[in-house]
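Student: I'm new to this one, and I'd like a close look at a single part: the empty spaces in it. Could you walk me through them, and then show me what the cysteines are up to?

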Amino acid sequence: MSRDIAILGVGMHPWGKWGKSFVEYGVVAARAALVDAGVKWRDVQFVSGAATIRNGYPGQVAGATFAQALGWQGAQVNTSYAACASGSQALAAARSKILSGECEVALVIGADTTPKGFLKPAPGDRPDDPDWVRFRIGITNPTYFALYARRRMALYGDTLADFAAVKVKNAAHGYTNPNARYRKKFTAEDVAASAMLADPLRLMDVCAVSDGAAAIIVSSVDYARRLGKAGAPRVAAVSTVTPTFASALVEMPDIATDSAIAAKAQSFRAALPAKAYAEAGVDPADISVAEVYDLSTALELDWIEDLQLCPRGAAARLVREGATTIGGRVPVNPSGGLACFGEAVPAQALAQVCELTWQLRGQAGARQIDNARVGITANQGLFGHGSSVIVKR
Amino acid sequence: MNAPAVAAPMPVLDGWFTLDAERPQLLGNRCARCGTVYFPKLKSGYCRHPDCDGDAFDEVPLSRTGTLWSYTNAAYQPPEPFAQVDKDAYRPFAIAAVELAAEQMIVLGPVVDGVGVEQLKVGMTMALKLEALADGKLTWKWAPAGAMA
Ligand SMILES: [Zn+2]
């Protein structure tokens, strides 16, 4: 298929709080991906970096910074900023470059160093900035996750035990993942005993922020074949659509939805995988594994439904039946997800693709899913950014 | 139940709501062409409906009551620019997402002091109220309609 590109190699720097520069993390991930791919750094023709502003300043936090650290060799360069979807936009840029024939092999890379505590807006009064406004009246990130969680309870009868079950599952999945930050098994009692953060969500229902880096070497299918890697997993779709007016949900950092007086209210989360399915010609029933953005336990349940892995409102039952556990019908977050990693914004969407690659190659060790053939990722970040990537073999 | 507003109450955000102590209303604006209501007010001068070329907007007060879509609370004190109090003095407050039928939109806001999550239920009617934040600035808040004075 001419619309596919090959994933030749993947690599990560373990997630954690290491107190080092994002550049160091990125170099570790890039070198691991190059070794995994069997590609020499000097042969890489395009460097596609995923950026986040808080690491430094625009211009420094860019693809070129990683290229310099690896040794400037004249590759073309690009930098993508798209909040949590930065990694996917960087992947999309590499894919376009490869499919247009402008390059054959590219490095896609994202790395993050995170501050402690609440993510909060920059100082200064900015009443026209929705991010400033919501903090001014006391609305933080967990507020949004909690509103969605409570809505599930009212609409579908989800319980706190259902949310805790997601945490217990993801903790068990990530327990043996060498790249995960938190490798500890938890029980439902542990979750119930953690402090309330934003009712009904407790501290253990909500993910932390981490340092980390992920890198991917992608190439044309021809290049992969010449390298003797014709069977390498392929990227079959990269969806980075914007929302469609009018928004059905209050999205961070807004304090209101769009008015649906003149246009139908639409779900952004559901639109992201829908575009990926259409692009790849893949049916939700074909999915063997999913990596989704579990910023909260309850949000994983929303994603399962947005990915059409079950009807709306049935995700908690799927988790209860064990269908989303490794060994079940469609495992979700076999890596351990954000619950075990903590969010490293520009690296996270790429980390999801790394996990799918290992799963599809049969290299996921104790986390391995039987006969994984098609995987999908999904994530959403601030200001209308989100993505969904389909990987197949 | 709440202290009466001082002589010249200062809103936390200028022009976002009326200062009517009894019957406050959020202030939005409406596209004269397609009828879409914006809150906060659209300031770009061009309607965000992708098929609408509207560039004229009228200020409109929003419905004072709506249906509770969902709710939560802030168990920990939010960071600045939220007006800070001593850690020991902080009391968790509830937060409501209220669906306005006429505007067909959901608007967030803190819930009035003294009403916790245990007193809220999705689907109940909520009404708009004004109450001061810790720095004395007035903000809009939601209150169960039955609890209105
Ligand atoms: Zn309009």
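Tutor: Here is a walk through the cavities, then a pocket, then the cysteines. Keep in mind that this is a predicted model.

Let's start with the idea behind it: rolling a probe the size of a water molecule over the atoms shows where empty space is left. For this structure, the count comes to 4 cavities of 30 Å³ or more.

Take the largest cavity, which has a volume of about 130 Å³. Its lining is made up of A:Tyr144, A:Phe145, A:Tyr148, A:Glu251, A:Met252, A:Arg269, A:Leu295, A:Leu299, A:Gln380, A:Gly381 and A:Leu382. If you want one element to look for, pick helix H5 (residues 141-156) of chain A, which gives the most to this lining, with 3 residues. Sorted by class, the lining of the largest cavity holds 7 nonpolar, 2 polar and 2 charged residues.

Next comes the second largest cavity, with about 80 Å³ of space. There are 13 residues around it, and A:Glu291, A:Ser335, A:Gly337, A:Gln348 and A:Gln352 lie nearest its centre. Strand S9 (289-292), helix H12 (337-341) and helix H13 (345-361) of chain A are the elements that give two or more residues to the lining of this second largest cavity. The largest share, 4 residues, comes from H13(A). By class, you'll find 6 nonpolar, 5 polar and 2 charged residues in the lining of the second largest cavity.

While you're in chain A, have a look at A:Thr297, which sits in helix H10 (residues 297-306). A:Thr297 counts as buried because its relative accessibility is 4%, and buried means under 20%. The C-alpha atoms of A:Thr297 and A:Ala339 are separated by 8.0 Å, although the two residues are 42 residues apart along the chain.

Now for an open space rather than a closed one. The second largest pocket has a volume of about 850 Å³. Of the 41 residues that line this pocket, A:Pro130, A:Asp254, A:Asp258, B:Pro40 and B:Arg48 lie nearest its centre. Helix H4 (130-136) of chain A and strand S2 (37-38) of chain B are the elements giving two or more residues to the lining of the second largest pocket. That lining divides into 21 nonpolar, 11 polar and 9 charged residues.

On to the cysteines. In chain B, the zinc ion is held by the sulfurs of four of them: B:Cys31 (SG), B:Cys34 (SG), B:Cys47 (SG) and B:Cys52 (SG) coordinate it at 2.3 to 2.4 Å. Along the chain, these donors of the zinc ion follow the spacing C-x2-C-x12-C-x4-C. The angles among the 4 donor atoms are 102 to 115 degrees, and the site is tetrahedral. Both B:Cys47 and B:Cys52 are buried; for B:Cys47, the relative accessible area is 3%.

What about disulfides? A disulfide is a covalent bond between the sulfur atoms of two cysteines. A search of the whole structure finds 0 disulfides over all chains. A:Cys103 makes a nice example: the closest cysteine sulfur, in A:Cys354, is 18 Å from the sulfur of A:Cys103, so the two are too far apart for a bond. A:Cys103 also counts as buried, at 3% relative accessibility.

Notes:
Residues are numbered from 1 along each chain as its sequence is written. Chains are lettered from A and ligands numbered from 1 in the order in which they are written. This is a predicted model: local features need pLDDT of at least 70, side-chain atom pairs count only at pLDDT 80 or more; totals for chains, interfaces and linings use all residues. Side-chain values use heavy atoms; hydrogens and water are left out. Donors are N, O and S atoms within 2.8 Å of the metal (3.2 Å for Na, K and Ca); water is not among the atoms, so sites may look incomplete. Four donors count as tetrahedral if all angles lie between 85 and 135 degrees; four count as square planar and six as octahedral if opposite donors are over 155 degrees apart and all others between 65 and 115; anything else is irregular. Buried means under 20% relative accessible area, exposed over 50%, partly exposed in between (1.4 Å probe, protein chains only). On a 1 Å grid over the protein atoms alone, a cavity is a set of points where a 1.4 Å probe fits but cannot get out, and a pocket is an open set with protein on both sides within 12 Å along at least five of seven lines; lining residues have an atom within 4 Å of a point. Grid points are joined across faces, edges and corners, and a volume is the space filled by probe spheres set on the points. Ala, Val, Leu, Ile, Met, Phe, Trp, Tyr, Cys and Pro count as nonpolar, Asp, Glu, Lys and Arg as charged, and the others, Gly among them, as polar. A disulfide is a pair of cysteine sulfur atoms within 2.5 Å.
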